[in-house]
Amino acid sequence: MYATTNDWCFTRAYKQQILNFSITKKLLKDNLTLRFYANDIFRSQRDSFTMYSSIGTVKKRGIPYNRMVGVSVNYKFNAAGSKYKGTGAGESEISRIKN
């Protein structure tokens with residue numbers, strides 16, 4: 001992610017660059033999903049802004065700790081879903097209302 005320096009109202013947020021990585025593998029007829037991810041790999045995210053007001057200026061420079069690595073495992077139970085296809089439902093009710 002790359003965000004440029006921007007101004008909003010009385011605040012200026014400074015640019016930042018973050019490198020995230022994710023890879024996903026689906027198994028067992030797409031019922032099992034494995035995902036490996038890494039966020040802020042080079043710990044380059046910065047929390048930097050300047051806020052201006054009539055009584056002074058507030059500056060913040062910081063390095064938030066958002067760096068993480070993880071694995072996500074998802075499994076779909078009953079992936080086939082309902083066997084109902086939506087045909088013929090309510091036909092008797094429709095014919096009863098028409099008559």
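How many bridges join strand β3 (residues 11–13) to β7? Three bridges do so, and the two strands run antiparallel. Strands count as paired if DSSP finds at least two bridges between them. Within this pairing, A13 stands opposite F49 in β7. The model examined here is predicted, so local features need pLDDT of at least 70 and side-chain atom pairs count only at pLDDT 80 or more, while totals for chains, interfaces and linings use all residues. Residues are numbered from 1 along each chain as its sequence is written, and side-chain values use heavy atoms, with hydrogens and water left out.

It helps to begin with the chain as a whole. One helix and nine strands are present, where helices (H or I, at least four residues) and strands (E, at least two) are DSSP runs numbered from the N terminus. Read along the sequence, the elements follow the pattern β-β-β-β-β-β-β-β-β-α. Of the 99 residues, 12% count as buried; the term means under 20% relative accessible area, whereas exposed means over 50% and partly exposed lies in between (1.4 Å probe, protein chains only). The accessible surface of the chain comes to about 8500 Å², and 57% of this surface belongs to carbon and sulfur atoms. Such areas come from the Shrake-Rupley method with a 1.4 Å probe, and for residues only the protein chains shown count as cover. Among contacts (heavy atoms within 4.5 Å) with a separation of 6 or more, residues 24 or more positions apart account for 46%.

Strand β7 (47–52) is a good place to look further. Besides its pairing with β3, β7 pairs with β8 in the antiparallel sense over six bridges. A hairpin through four residues joins β7 to β8, and S48 has R61 in β8 as its bridge partner. Strands of a sheet pair through backbone hydrogen bonds, either parallel or antiparallel.

Side chains also link β7 and β8. The structure holds one salt bridge, defined as a side-chain nitrogen of Lys or Arg within 4 Å of a carboxyl oxygen of Asp or Glu. D47 forms this salt bridge with K60, the closest N and O atoms being 2.7 Å apart. The pair links distant parts of the chain, with D47 in strand β7 and K60 in strand β8 (residues 57–62), 13 residues apart. D47 counts as partly exposed because its relative accessibility is 30%, and K60 is partly exposed at 36%.

M51 also lies in strand β7. Its relative accessible area is 37%, so M51 is partly exposed. Leaving aside residues up to four places away in sequence, M51 touches F10, T11, G56, T57 and V58. The C-alpha atoms of M51 and C9 are separated by 9.1 Å, although these residues lie 42 positions apart along the chain.

Attention now turns to another sheet. This is an open sheet of three strands in the order β5-β6-β9, with antiparallel pairing. β5 (21–27) and β9 (68–75) stand at the edges, each with a single partner strand, so one side of each is left without a neighbour in the sheet. Neighbouring strands of this sheet are turned by 10° against each other on average, direction ignored; here axes are lines fitted to C-alpha atoms, for helices over the stretch in contact, and angles run from 0 to 180 degrees between N-to-C directions. Seven bridges join β5 to β6, and S22 stands opposite Y37 in β6. In the hairpin of β5 and β6, which has four residues between the strands, L28 takes a positive phi near 50°. β6 and β9 pair over eight bridges, with M68 in β9 as the bridge partner of N39.

Beyond β6 (32–39), F42 sits in the loop that leads to β7. F42 is exposed because its relative accessible area is 62%. The C-alpha atoms of F42 and R67 are separated by 8.3 Å, with their positions 25 residues apart along the chain.

Finally, there are the aromatic rings. Rings of Phe, Tyr and Trp (its six-membered ring) pair if their centres lie within 6.5 Å; planes under 30 degrees apart count as stacked, over 60 as edge-to-face and the rest as tilted. The count comes to two aromatic pairs. In one of them, the rings of Y75 and F77 have centres 4.9 Å apart and planes at 75°, so the pair is edge-to-face. Y75 counts as partly exposed at 42% relative accessibility, whereas F77 counts as exposed at 69%.
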